[in-house]
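Please walk me through this structure, step by step. I am new to it and would like a plain account in short sentences.

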Amino acid sequence: MFTDGADDSGPHVRSLLGAYVLEALSPEEDRRVAAHLAGCGPCGADYLEVADTPSLLSLLDEDDLR
């Protein structure tokens with residue numbers, strides 16, 4: 001459910017972006033976030049800020065996380 005930051009364009013998906021880029025959403029929720037991002041500039045900009053997170057996390061090893 002999209003509930004964070006509703007304005008004139010409707011509810012936004014900012015709170016789901018972390019899970020979205022980590023592919024941790026259900027297929028239905030994933031489709032809904034993708035559809036929202038296609039038409040929402042503010043959420044799209046926020047997505048671009050976190051989109052590289054999975055590739056950056058892959059550079060870490062177990063010792064980096066201690």
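Three salt bridges are counted in this predicted model. Side chains of opposite charge can pair when their charged atoms come close. Begin with R14 and D46, whose closest N and O atoms are 2.4 Å apart. This pair links distant parts of the chain. R14 sits in the loop between β2 (10-12) and α1 (17-21). D46 belongs to helix α3, residues 41-50. In sequence, 32 residues separate the two. R14 has a relative accessible area of 34%, so it counts as partly exposed. D46 has a relative accessible area of 22%, and it is therefore partly exposed as well.

Now turn to R66. The side chain of R66 meets that of E62 in a salt bridge, 2.9 Å from N to O. Both E62 and R66 are exposed. R66 also forms a salt bridge with D63, and here the closest N and O atoms are 3.9 Å apart. Through shared partners, the salt bridges join E62, D63 and R66 into one network. R66 counts as exposed because its relative accessibility is 71%. D63 reaches 54%, so it is exposed too.

Next, the overall layout. The protein has four helices and two strands. Read from the N terminus, the order of elements is β-β-α-α-α-α. Of its 66 residues, 23% count as buried. The accessible surface comes to about 4600 Å². Carbon and sulfur atoms account for 54% of that surface. What share of the contacts with a separation of 6 or more joins residues 24 or more positions apart? The share is 46%.

How confident is the prediction, and where is confidence lowest? The mean pLDDT of the protein is 83. A value of 70 or more is reached by 85% of the residues. Strand β1, residues 4-7, has the lowest confidence, with a mean of 45. Helix α2, residues 27-39, has the highest, at 94. Over residues 1-9, pLDDT stays under 50. For that stretch the model has 22 contacts beyond four places in sequence.

Now look inside. In soluble globular proteins, nonpolar side chains tend to be buried together. Here the largest nonpolar core has 10 residues. They are V13, L16, L17, Y20, V21, L25, V33, L37, C40 and C43. Two elements, α1 and α2, give two or more residues to this core. The largest share comes from α1, with three residues.

Two members of the core show what surrounds it. Take L37 to start with. L37 is in helix α2. Is L37 buried or exposed? L37 is buried, because its relative accessibility is 15%, and the cut-off for buried is under 20%. Residues up to four places away in sequence aside, L37 touches V13, L17, Y20, C43, G44 and Y47. Four of these, V13, L17, Y20 and C43, are listed in the core with L37. Y47 lies 10 residues from L37 in sequence. In space, their C-alpha atoms are 7.9 Å apart.

V21 is the other core member to follow. Which residues does V21 contact, leaving aside neighbours within four places in sequence? They are Y47, V50, A51, T53 and P54. Y47 is thus a contact of V21 and also of L37.

Some nonpolar side chains lie at the surface instead. L22, L57, L60 and L65 make a nonpolar surface patch of about 390 Å². Consider L60, one of these residues. L60 is placed in the segment after α4 (53-57). L60 counts as partly exposed because its relative accessibility is 41%.

One last stop concerns the backbone. Most residues other than glycine have a negative phi. Which value does phi of E23 take? Phi of E23 is near 55°, a positive value in a residue other than glycine. E23 lies in the loop between α1 and α2. With a relative accessible area of 70%, E23 is exposed.

Conventions. Residues are numbered from 1 along each chain as its sequence is written. This is a predicted model: local features need pLDDT of at least 70, side-chain atom pairs count only at pLDDT 80 or more; totals for chains, interfaces and linings use all residues. Side-chain values use heavy atoms; hydrogens and water are left out. Patches are made of residues with over 30% relative accessible area and no salt bridge: like charges are joined within 9 Å, nonpolar side chains (Val, Leu, Ile, Met, Phe, Trp, Tyr) within 5 Å. Accessible areas come from the Shrake-Rupley method with a 1.4 Å probe; for residues, only the protein chains shown count as cover. A salt bridge is a side-chain nitrogen of Lys or Arg within 4 Å of a carboxyl oxygen of Asp or Glu. Buried means under 20% relative accessible area, exposed over 50%, partly exposed in between (1.4 Å probe, protein chains only). Contact means heavy atoms within 4.5 Å. pLDDT is the predictor's confidence in each residue, from 0 to 100. A nonpolar core is a set of buried Ala, Val, Leu, Ile, Met, Phe, Trp, Tyr and Cys residues joined through side-chain atoms within 4.5 Å.
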